[in-house]
Amino acid sequence: MAQNKNQSDFIDVKAILKQYLKKWYYFVISVVIMGCLGFFVTKIVKPKYQVNASIVLSTSSGSNSMMASAMGMLGDFGGLLGANAEIEDEIFIITSHSVLKNVAKDLNLNIEHFVRTGFLQKEFMYEDFPVQIYPAPGLTDTLRTSIYFKIKVNSKGKVDVTAKARKNKIVDVEDGTFPLTLDTSYGKFVIDKTSSFPEGESLKTNINVKGYGIVAEELAEDITVDMASKRSNIINLGYKTAYPLFGEMVLDKVIQLYNQRGIEFKNNQNGRTSAFLHERIALAEADLNDAETSLARYKEKSGIVNLETDAEYMYTLRGENESRLTQELTRLDILKSNLDFLSNPENSYSMIPALSGSTGFNDAIATYNSLILQRMDLLRTVTTNNPMIVKLDSQIDAMRDNIVETMEKSYKNAQISVRDLQKNMAKSNTALGNIPNQLKDYVSLNRSREIKQTIYLYLLKSLEETELAIAKSEPTADVLDEAYTLKEPLGFSNKLWIVIFIMVGFCIPPVVIYCEDLINQNKIQKAQAA
């Protein structure tokens, strides 16, 4: 019984091989068919490559530095908001619809060219294409569908054109000539040859015309953006495409326009501050000129030659009060200037100039300005009715009210301090009644001039810093790695695809032969049963 069992379990490999050799043509046919199929697949399906780029967010300028400063002042509460909240905002801006739409416009990505170069071979051309389509001005800004043009040009220069939109044929022209004007339900298109057109040769090309908005949506799906790590300021960009040089061009343009947008945004904000400072400087300069003119006329009228030296000797005792009064009056005027700026409704969501020598105020103003920058960034992509904007507006309004309230309290305190100092000065004047009246008048005029000069110099310094920031125009991010393509394609290579299909071709015949044997055995069993 053991011997019978071993015989039944024995596989006759020689018999199987002999059976396969008898039907060798099965293997040849299968391998040839699958090899050809694999070859066709490699011609139709192009391998995709990974294109990468990386940038480092600048921490020394722009919203990043102000946000970092604000987070540091918020302390533990800043951790609740997320230390990388600003980086996530920048990631959103990079892939925002407005940035990608501008990329499509700059690179003319709304018009795709596919030129037939051989059997089952089409080449995507983003430069030096032979034929171009010129849509009517403004058409691609509002176009919400894709229009596919099939263009055939014979060796005599005759042009056949068909076009479809939403699977409906909208153009069918035969034997046309360049330039060819097409009137469609979507608008007017002009087709003309370029300097790269092969004269005297036949040509087949497909051109896809899309709206800039559609291209922006497609780029948003294809481009990936993420942080290198949770504690890093590095942002990685990725793009999978069958055309590496084209992908590198797209990523480089995305980075360029992202930085350009950041520079324009900063310059716009600094420009408003500069305009405000120019206005205040003009007023301060006029006041200073009036004060200096009044002082000069008084000295000339009174015949004063060296009164400064005499006044310094006679008024040493009350010098400290005078200095304090000058400081308080300067502070009072600066607070009044900032309160005027904040009370203007047009400046409700504008940045507040910092106060010279006031650390407490500057900390609050830095936090307030960071929220204003965050609001401006969000308004690039959302409307004022967006819940995030509404919430941020309430925070800004509350913080602005707190700043105004604090400034008003400081303004009142400064007024009280000025009144007290003036009372002290009045007492000093009474005690020094023997001092000539002209000296008193001179000191008063000189003090007024010094106050206006201090304010004027402060405004000039602020203007210089603002215009320096505009001239510097640092980009939001520094390029760490320009766009580059990984060497190996994604997925299987063309050779590996052909090898896989050939291996499948070797596996099919044994299955077919086995099925034939089963069918034959079933036929024999049915015949014997009958």
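Two residues are taken to be in contact when heavy atoms of theirs lie within 4.5 Å. With that in hand, T140 is a handy place to start in this predicted model. Setting aside residues up to four places away in sequence, T140 touches N110, P135, V209, K210, G211 and Y212. The residue sits in helix α8, which spans residues 139-142. Is T140 buried or exposed? Its relative accessibility is 7%, and since anything under 20% is called buried, T140 counts as buried.

Stepping back to the whole chain, the protein has 530 residues, and 38% of them count as buried. Its secondary structure comes to 16 helices and 13 strands. Among contacts with a separation of 6 or more, 73% are between residues 24 or more positions apart. The protein exposes about 31000 Å², with carbon and sulfur atoms supplying 54% of that area.

On to the strands. One open sheet is built from 4 strands in the order β11-β12-β1-β13, and the pairing is antiparallel. The edges are taken by β11 (223-227) and β13 (477-485); each has a single partner strand, so one side of each has no neighbour in the sheet. From one strand to the next, the twist averages 15 degrees. Helix α9 (residues 212-222) packs on this sheet, where it touches β11 and β12, and its direction makes about 50 degrees with that of β11. Inside the sheet, β1 (residues 49-57) and β12 (residues 234-241) are joined in the antiparallel sense over 8 bridges. Within that pairing, V51 stands opposite Y239 of β12. As a general matter, side chains in a regular strand alternate between the two faces of the sheet.

Other strand pairings turn up elsewhere in the chain. Strand β2 (residues 111-118) runs antiparallel to β10 (residues 203-209), with 5 bridges joining the two. Here V115 is placed opposite T205 in β10. Strand β2 also runs antiparallel to β3 (residues 121-125), again through 5 bridges. For H113, the bridge partner in β3 is M125. Then there is β6 (residues 159-165), which pairs with β7 (residues 168-176) in the antiparallel sense over 6 bridges. V161 has V173 of β7 as its bridge partner. Together β6 and β7 make a hairpin with 2 residues between them, and R166 in the turn has a positive phi of about 55 degrees.

Now for the nonpolar interior. In soluble globular proteins, nonpolar side chains tend to be buried together. The largest nonpolar core in this model holds 40 residues, and those with the most contacts inside it are L342, I352, Y368, I396, I403, M407 and L459. Which helices each supply at least two residues of this core? They are α10 (244-302), α12 (319-343), α13 (359-379), α14 (387-431) and α15 (437-472). The largest share, 11 residues, comes from α14. As for I352, its contacts beyond four places in sequence are N338, F341, L342, I365, Y368, N369 and I403. Apart from this core lies another one, of 32 residues, including I91, L109, V254 and Y258.

A charged residue is worth a look alongside these. R400 lies in helix α14. Its relative accessible area is 12%, and because the cut-off for buried is under 20%, R400 is classed as buried. Leaving out neighbours within four places in sequence, R400 is in contact with L342, S348, Y349 and Y368. Of these partners, L342 and Y368 are listed among the residues with the most contacts inside the largest core.

N102 gives another example of residues brought together from separate parts of the chain. This asparagine is found in helix α7 (residues 97-107). Its C-alpha atom is separated by 7.5 Å from that of L257, although the two residues are 155 residues apart along the chain. N102 itself is partly exposed, with a relative accessible area of 36%.

Last come the cysteines. How many disulfides does the structure hold? The count is 0. C36 is partly exposed, at a relative accessible area of 37%. C507 is also partly exposed, with a relative accessible area of 49%.

Notes. Residues numbered from 1 in each chain as written. Predicted model: local features only at pLDDT ≥ 70, side-chain atom pairs only at ≥ 80, totals over all residues. Heavy atoms only, no water. Buried < 20%, exposed > 50% of the residue type's maximum accessible area, 1.4 Å probe, protein only. Areas by Shrake-Rupley, 256 points an atom, 1.4 Å probe, with all protein chains shown as cover. Pairing = 2+ DSSP bridges. Axes fitted to C-alpha atoms, helices over the stretch in contact; angles between N-to-C directions. Disulfide = S-S within 2.5 Å. Core = buried A, V, L, I, M, F, W, Y, C linked by side-chain atoms within 4.5 Å.
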